[in-house]
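The following exercises concern helix packing, nonpolar cores and backbone geometry. Please inspect the sequence and the structure before working through the solutions.

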Amino acid sequence: MEHPTHRARVEHEAHHEPTGFWRRYIFSQDHKVIALQYTITALLVGAVGMGFSWLLRLQLGFPGEFKFIQPENYLQFVTQHGMIMIVYLLTALLLGGFGNYLIPLMIGAWDMAFPFLNMLSYWTYLVSVILLFAAFFVAGGPTGAGWTLYPPQSVIEGASPGAGWGIRLMLISLAVFVAAATMGGLNYVTTVLQGRTRGMTLMRLPLSVWGIFVASVLALLAFPALFVGGVMLLLDSLAGTSFFVPTVNLFGRQLGHEGGNPILFQHLFWYFGHPEVYIVILPAMGLVSDIIANHARKPIFGYRAMIWAILAIGAISFVVWAHHMFVSGMNPYFSFWFAVSTLAVAIPSAIKTYNWLLTLWGGNLRFTTPMLFAIGFVSTFVAGGLTGLFLGNVVVNVHLTDTYFVVGHFHLVMGVSAILGIFAGLYHWFPKATGRLYNETLGKIHFWVTFIGTYLIFFPMYWLGFLGVPRRYFSFSAVESLPPSAQGLSAFITVVALIVGAAQLLFAFNLIWSALRGKKSDGNPWHATTLEWQTPTTPPPHGNWGPEEPAVYRWAYDYSVPGAPQDYIPQNVAEVPAATQKK
Amino acid sequence: MKLKAQFKRGISRALNGYGSDGSWGARGWGSDGSREFPMPATKLGLFAFLAAATVLFAMLTSAYLMQQAMSDWRPLPLPALLWLNTGLLLLSSAALEWARRSARRHLPRTSLWLLAAGVLAILFITGQLWAWQKLSAAGYFLATNPSSSFFYLLTAIHGLHVLGGLVAWGRTMTQMRQKTFAPQTQLSVELCALYWHFLLLVWLVMLLLFWLT
């Protein structure tokens with residue numbers, strides 16, 4: 001019944017396969033090209049974000065040594081580093097990059113549900129990136145108000161660097177990014193629900209698709225809050241409205257605002273900001289689940305529990321936002337609720353962690369580079385996540401707020417973890433996207449330097465936080481309660497950060513060199529079960545499957561099935577010896 | 001020329017879902033061979049968008065409620081014109097509902113209902129702009145007080161959504177002219193109606209908000 005239309009459509013598409021360079025590689029509507037565009041752009045933007053982290057670490061490690069870093073610059077570096085990494089690198093790369101590449105291939109679709117919207121999403125994202133960097137060329141430079149952009153200081157001239165066009169361009173860029181993310185999110189959600197091929201039920205989807213799917217739903221429901229907050233703040237800055245800016249007397253100068261409520265912005269921001277954490281971590285969790293199962297040659301432990309945990313984390317993420325605002329002041333009953341709901345996130349997170357460990361247990365482990373990064377993800381996720389239990393408690397939180405303890409916590413649990421997940425994914429799917437193998441030795445050096453380095457950077461920050469070192473400070477010379485050892489530790493962190501940053505050049509070199517000169521790879525070098533490894537050619541062609549889309553007969557984790565001829569059975573294989581049929 | 005054709009096809013694919021011949025339409029298979037989400041991709045896409053838009057307006061509403069509890073909130077005198085505008089939007093929504101029903105039965109008057117709905121929506125937008133004019137003539141500008149700021153912001157964002165709907169409406173009108181009652185056209189009318197009802201609901205909530213505070 002479906003067949004004639006499908007074939008007609010495929011042939012129709014084959015005729016329309018784009019030919020010219022521009023429509024094939026630049027204005028392409030092919031999800032794989034768009035995915036690579038997203039990935040490359042996000043990695044380049046991320047490199048800039050890493051550059052900012054070097055600059056701010058130089059100031060923190062060796063205060064006063066670098067004369068070109070003034071307090072204003074330092075605040076701008078901190079702000080831009082945070083904003084770039086969270087929004088323009090992690091969100092864009094995990095949803096726009098991995099989401100685009102993996103969803104249609106893993107569910108057996110020819111492309112996204114709305115390919116044109118998909119292309120538009122990338123170009124809108126690029127516009128937001130250009131606006132982000134345009135702020136560097138306006139008077140006053142980009143905003144230095146911290147990535148949270150809290151008013152009133154972010155929009156009042158003189159209260160923070162870049163309070164004029166710096167913050168305005170930042171807000172416009174964010175609004176444009178929200179549009180891009182919404183177009184992408186609509187596409188991912190619709191494609192996962194409607195694009196699945198025959199036999200690919202929801203309960204047979206690889207966990208990567210589940211993670212990206214739920215993250216896309218979160219993005220659709222969380223980004224509008226950022227949009228609203230951003231537009232209102234923009235009006236406060238541009239049109240003199242008073243949504244957030246109250247009556248302010250700045251050095252005896254009465255500003256025109258009256259009646260604004262700064263706390264309102266914090267609510268809107270964190271209603272977006274907290275789900276945002278899961279928007280970047282859920283896809284990474286999905287990728288890591290698939291990579292661990294594949295390289296351990298074992299079915300993922302507790303597949304259904306994994307899905308319920310993803311859904312639970314997604315649901316809880318919308319009712320915890322005010323735990324970022326304990327010190328802003330709130331009704332104690334509210335803080336009680338937000339503390340309890342925050343700690344409840346630990347339950348599904350722990351389920352996922354145990355499932356990863358139990359998948360590894362007794363597995364036939366292959367310590368390839370993606371596997372190392374995936375295990376590294378589990379490690380940093382635990383090391384960062386456990387301190388979330390400290391911070392979720394109001395009484396502890398009040399003391400640790402705005403210290404390096406918080407910096408260490410969120411970097412490990414969502415910054416480093418997400419980026420390790422991304423590295424795992426990039427190495428794992430590199431042979432599929434390029435048809436070539438990366439250099440394993442370089443990959444392993446990259447892993448060990450990055451993995452050990454991040455612990456050396458962020459673990460000491462917990463200690464600094466306990467000492468009471470405040471975050472976002474340009475200089476600690478006026479903080480007399482700090483022992484001199486704190487400065488020594490800061491210098492140590494800076495040195496390691498420089499080394500880890502330099503190690504990323506290995507990664508860049510490996511990626512570029514291997515894509516051009518690497519050893520040729522066959523279509524399924526990891527002996528994986530999921531559909532993207534079963535494409536007729538590698539890299540997959542326009543339309544992915546040729547004349548016939550695959551049909552799915554089993555779940556994504558038939559590894560080491562007893563009695564099967566190989567240690568994996570691809571999802572599109574129907575016949576296996578009867579004795580080994582999996583129910 | 002060729003690029004223009006490509007662009008047009010792209011737009012139609014973006015709005016209609018992959019393969020405007022409807023072949024994408026109903027996929028997504030369940031374990032018993034039935035479809036888990038038996039609905040066209042475009043409709044599901046619209047639902048996803050409405051979910052995002054609901055959050056958008058819910059955030060604005062809760063921001064409004066938080067703000068109006070502050071002590072320096074000065075209530076805004078609502079222009080009576082808003083009631084007329086509400087009537088226009090209500091009629092517009094009703095006309096689209098009739099268009100949807102007659103499209104289902106392939107009645108020729110569908111295009112008339114559709115036309116009426118669009119004209120009424122344009123009148124609504126005009127009326128809203130006129131209300132802005134009246135307010136500013138009375139001395140209530142965007143930055144006068146959070147109450148007026150919120151009024152302008154909420155009506156602007158709602159109005160932009162109506163304008164976006166009018167783009168889809170214009171496309172449906174051309175579809176109606178070209179090939180009457182293709183399944184695609186029927187779907188377009190249905191989705192327009194769905195979107196219009198959503199915007200009417202949002203407007204009624206907002207009006208209630210303005211009126212009660």
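## Exercise 1: The make-up of chain B

In chain B, 70% of the contacts with a separation of 6 or more are between residues 24 or more positions apart. The model is a predicted one.

Task. State how many helices and strands chain B has, and what share of its residues counts as buried.

Solution.
1. Chain B contains 6 helices and 0 strands.
2. Read from the N terminus, the order of its elements is α-α-α-α-α-α.
3. Of its 213 residues, 42% count as buried.

## Exercise 2: Two packed helices of chain B

Task. Determine whether α5(B) and α6(B) are roughly parallel or roughly antiparallel to each other.

Solution.
1. Two packed helices are described by the angle between their axes and by the distance between those axes.
2. For α5 (residues 146-178) and α6 (residues 183-212) of chain B, the angle is about 165° and the axes are 10 Å apart.
3. Angles over 145 degrees count as roughly antiparallel; α5(B) and α6(B) are therefore roughly antiparallel to each other.
4. The crossing of α5(B) and α6(B) is left-handed.
5. On the side of α5(B), the contact includes Phe151(B), Leu154(B), His158(B), His161(B) and Trp169(B). On the side of α6(B), the residues include Tyr195(B), Trp196(B), Leu199(B), Trp203(B) and Phe210(B).
6. Sorted by class, the contact of α5(B) with α6(B) comprises 15 nonpolar, 8 polar and 1 charged residues.

## Exercise 3: A helix crossing in chain A

Task. Describe how α8(A) and α14(A) are oriented to each other, and which residues meet.

Solution.
1. The axes of α8 (residues 262-295) and α14 of chain A come within 9 Å and cross at roughly 40°.
2. This angle is not under 35 degrees, the cut-off for roughly parallel, nor does it lie in the range of 65 to 115 for roughly perpendicular. The two helices, α8(A) and α14(A), are therefore oblique to each other.
3. The crossing of α8(A) past α14(A) is left-handed.
4. Among the residues that α8(A) contributes are Val277(A), Ile281(A), Ala284(A) and Val288(A). They belong to a contact in which α14(A) takes part with residues including Met414(A), Ala418(A), Gly421(A), Ala424(A) and His428(A).
5. This contact of α8(A) with α14(A) has 11 nonpolar, 4 polar and no charged residues.

## Exercise 4: Leu420(A) within its helix

Task. Establish whether Leu420(A) is buried or exposed, and which residues it contacts.

Solution.
1. Leu420(A) is part of helix α14 (residues 404-434) of chain A.
2. A residue is buried if 20 or more other C-beta atoms lie within 10 Å of its own. Leu420(A) has 26 other C-beta atoms within 10 Å and is therefore buried.
3. With neighbours within four places in sequence left aside, Leu420(A) contacts Phe373(A), Gly376(A), Phe377(A) and Thr380(A).
4. Leu420(A) and Ile69(A) are separated by 351 residues in sequence and, C-alpha to C-alpha, by 30 Å in space.

## Exercise 5: The nonpolar cores

Task. Identify the residues with the most contacts inside the largest nonpolar core, and the helix that gives the most to this core.

Solution.
1. The largest nonpolar core has 227 residues, and those with the most contacts inside it are Val209(A), Val228(A), Ala284(A), Val288(A) and Ala424(A).
2. Helix α7 (residues 207-238) of chain A gives the most to this core, contributing 23 residues.
3. Another core, of 8 residues, lies apart from it; Phe52(A), Leu56(A), Leu60(A) and Tyr74(A) are among its members.
4. Leaving aside neighbours within four places in sequence, Val228(A) contacts Leu268(A) as well as Leu56(B), Met59(B), Leu60(B) and Ala63(B) of chain B.

## Exercise 6: Backbone exceptions in chain A

Task. Locate the cis peptide bond from Pro151(A) to Pro152(A) and the one that joins Thr538(A) and Pro539(A), and place Leu149(A) and His527(A).

Solution.
1. Most residues other than glycine have a negative phi, and most peptide bonds are trans.
2. The bond from Pro151(A) to Pro152(A) is cis, with omega near 5°. Pro152(A) lies in the loop between α5 (115-134) and α6 (165-194) of chain A.
3. Leu149(A), found in the loop between α5 and α6 of chain A, has a positive phi near 55°. Leu149(A) counts as buried because it has 23 C-beta neighbours inside 10 Å.
4. The bond joining Thr538(A) and Pro539(A) is cis, with omega about -5°. Pro539(A) is in the segment after α16 (484-517) of chain A.
5. His527(A), in the segment after α16 of chain A, has a positive phi of about 50°. With 15 C-beta neighbours inside 10 Å, His527(A) counts as partly exposed.

Technical notes
Residues numbered from 1 in each chain as written. Chains lettered and ligands numbered in written order. Predicted model: local features only at pLDDT ≥ 70, side-chain atom pairs only at ≥ 80, totals over all residues. Axes fitted to C-alpha atoms, helices over the stretch in contact; angles between N-to-C directions. Helix = DSSP H or I, 4+ residues; strand = E, 2+ residues; numbered from the N terminus. Left-handed = near helix turned anticlockwise from the far one by under 90°. Contact = placed C-beta atoms within 7 Å. Nonpolar A, V, L, I, M, F, W, Y, C, P; charged D, E, K, R; others polar. Core = buried A, V, L, I, M, F, W, Y, C linked by C-beta atoms within 7 Å. Buried ≥ 20, exposed ≤ 12 C-beta atoms within 10 Å, placed from the backbone.
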